[in-house]
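Opened the files today and went through them chain by chain. These are my rough notes.

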Amino acid sequence: MARRATPEVNAGSMADIAFLLLIFFLVTTTIEKDKGIARQLPPKQDENIEPPIIKAKNTFIVSVNQNDQLLVEEELMELKDLKEAAIAFLDNGGAPSGSPEYCSYCKGQRLPTSSDNPDKAVISVQNDRLTSYKMYIAVQNELVAAYNELRNREGKRLFGPNFVYTEKKNALNEGKIPESQAEDTEEKLKKIQELFPLKLSEAEPKKRGE
Amino acid sequence: MSKFKKKKGGDLPAVNTASLPDIVFMLLFFFMVVTVLRNNDLMIKNELPKADEVEKLKKDRSVFIFAGKPSEQYQAKFGTESKIQIGDKFTDVSSLQFALTEARQKLRPELQDYVVVALKVDKETNTGLVTDIKEELRELNMVKIIYIAAPGSVLDQN
């Protein structure tokens with residue numbers, strides 16, 4: 001038999017095949033970017049333990065009814081005003097100067113009728129069971145925004161204008177901060193969190209007719 | 001001197017396309033790696049509410065709970081009441097604990113203690129259902145949750 005050179009495979013259509021696959025994956029890809037509002041639920045509690053008594057002036061009650069209307073501190077309010085109201089409440093610092101509860105960094109109006117200091121201030125959200133989830137998230141979002149704004153302010157005051165709390169926190173979560181600085185950043189974030197601790201309580205939703 | 005003489009004839013040489021497959025393959029592999037083929041078919045309407053104060057979710061340690069009204073093709077079978085879906089089947093509030101424990105076991109063992117429950121709830125759902133889910137989560141001691149939201153702000157629409 002005569003020896004024959006093996007003919008070369010024509011690879012010209014390789015690109016076409018690859019393109020076909022590429023387009024398939026391009027179309028099916030959904031780069032998922034799940035983001036959301038993180039929360040820690042309170043742990044299960046013994047029913048016998050009495051809840052701690054909180055002064056009425058240290059609570060900020062937000063109620064939402066089944067028609068998605070907002071009642072803040074017994075007054076009807078629009079959603080867009082909620083953030084301002086929450087900031088005013090948290091930042092009030094009503095304790096008189098000299099008392100151990102005095103809040104030196106608060107810039108609020110220091111009304112004696114509002115919260116003593118941010119550590120004492122509790123925001124309580126009460127939903128109706130028929131409140132829409134959209135409204136629920138919107139309210140939570142506004143309240144978190146209030147906290148974030150105050151925390152950003154403190155971050156800038158304590159650690160310089162480049163230290164924006166929310167940015168640093170996200171960067172840390174995503175591992176974008178070099179390891180040498182990570183611990184330092186975490187500590188700074190903690191310090192800010194201590195100044196304005198997130199105290200959001202959620203009451204059991206009322207059933208209609210109760 | 002004649003060495004440096006320009007070649008005559010103005011024919012443009014054809015661009016060499018031999019590396020085209022390589023480039024395309026590179027892109028192909030990129031997309032193959034980042035593609036997540038949806039492994040659970042959503043049987044519910046799932047339009048997320050909008051929020052802008054958001055954090056990123058760590059995928060490897062999360063369990064998803066979906067809730068919302070059944071989508072149109074399932075409404076004849078399941079009605080129009082909001083339902084909870086975990087994995088690819090509907091779950092009742094009463095059997096939620098079992099389903100969640102099962103879902104948690106699918107995570108990597110070292111991450112099971114840091115599990116984050118991601119709630120993907122349709123914006124038309126009643127808050128009552130979400131509260132029921134949260135009660136069950138507290139019972140299970142899975143207290144880290146995240147309400148998944150779409151980027152944007154509710155205030156923009158007003």
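Below are my entries on chain A, its sheet, the contact with chain B, and one lysine.

**Entry 1: chain A overall.** Reminder to self: I'm looking at a predicted model. I counted five helices and six strands in chain A. Reading from the N terminus, I get the order α-β-β-β-β-α-β-α-α-α-β. I then checked the spread: the radius of gyration of chain A is 27 Å, while the globule rule gives 17 Å for 210 residues, so chain A is more spread out than a compact globule. The box along the principal axes agrees in spirit, with the C-alpha atoms filling roughly 105 × 50 × 40 Å. I also looked up burial, and 26% of the 210 residues of chain A count as buried. For contacts in chain A with a separation of 6 or more, I find that 59% are between residues 24 or more positions apart.

**Entry 2: the sheet in chain A.** I traced five strands of chain A in an open sheet, ordered β4-β3-β2-β5-β6, with mixed pairing. Which strands stand at the edges? They are β4 (75-77) and β6 (200-202) of chain A, each with a single partner strand, so one side of each has no neighbour in the sheet. On average, neighbouring strands here are turned by 30 degrees against each other, direction ignored. Zooming in on one pair, I see β5 (residues 122-127) of chain A running parallel to β6(A), joined by three bridges. One residue pair I noted there is A:Ile123, whose bridge partner in β6(A) is A:Leu200.

**Entry 3: where A meets B.** I tallied the contact: 47 residues of chain B touch 43 residues of chain A. On the chain B side, α1 (20-34), β2, β6 (116-121), α4 (127-140) and β7 (144-151) each supply at least two residues. The largest share is from α1(B), with nine residues. By type, I get 28 nonpolar, eight polar and 11 charged residues on that side of chain B.

There is strand pairing across the chains too. I found β1 (residues 35-40) of chain A joined to β7(B) by six bridges, and the two run antiparallel. In that pairing A:Gln40 stands opposite B:Lys144 of β7(B).

**Entry 4: B:Lys59.** Last lookup of the day. I placed B:Lys59 in the loop between β2 (55-56) and β3 (62-68) of chain B. Is B:Lys59 buried or exposed? I count B:Lys59 as exposed, because it has 12 C-beta neighbours inside 10 Å. I also checked B:Lys59 against B:Val116: they are 57 residues apart in sequence, with 9.0 Å from C-alpha to C-alpha.

Key. Residues are numbered from 1 along each chain as its sequence is written. Chains are lettered from A and ligands numbered from 1 in the order in which they are written. This is a predicted model: local features need pLDDT of at least 70, side-chain atom pairs count only at pLDDT 80 or more; totals for chains, interfaces and linings use all residues. Helices (H or I, at least four residues) and strands (E, at least two) are DSSP runs, numbered from the N terminus. A residue is buried if 20 or more other C-beta atoms lie within 10 Å of its own, exposed if 12 or fewer, and partly exposed in between; C-beta atoms are placed from the backbone. The radius of gyration is taken over C-alpha atoms; the globule rule is 2.2 Å times the number of residues to the power 0.38. Two residues are in contact if their C-beta atoms, placed from the backbone, lie within 7 Å. Two strands pair if DSSP finds at least two bridges between them. Axes are lines fitted to C-alpha atoms, for helices over the stretch in contact, and angles run from 0 to 180 degrees between N-to-C directions. Ala, Val, Leu, Ile, Met, Phe, Trp, Tyr, Cys and Pro count as nonpolar, Asp, Glu, Lys and Arg as charged, and the others, Gly among them, as polar.
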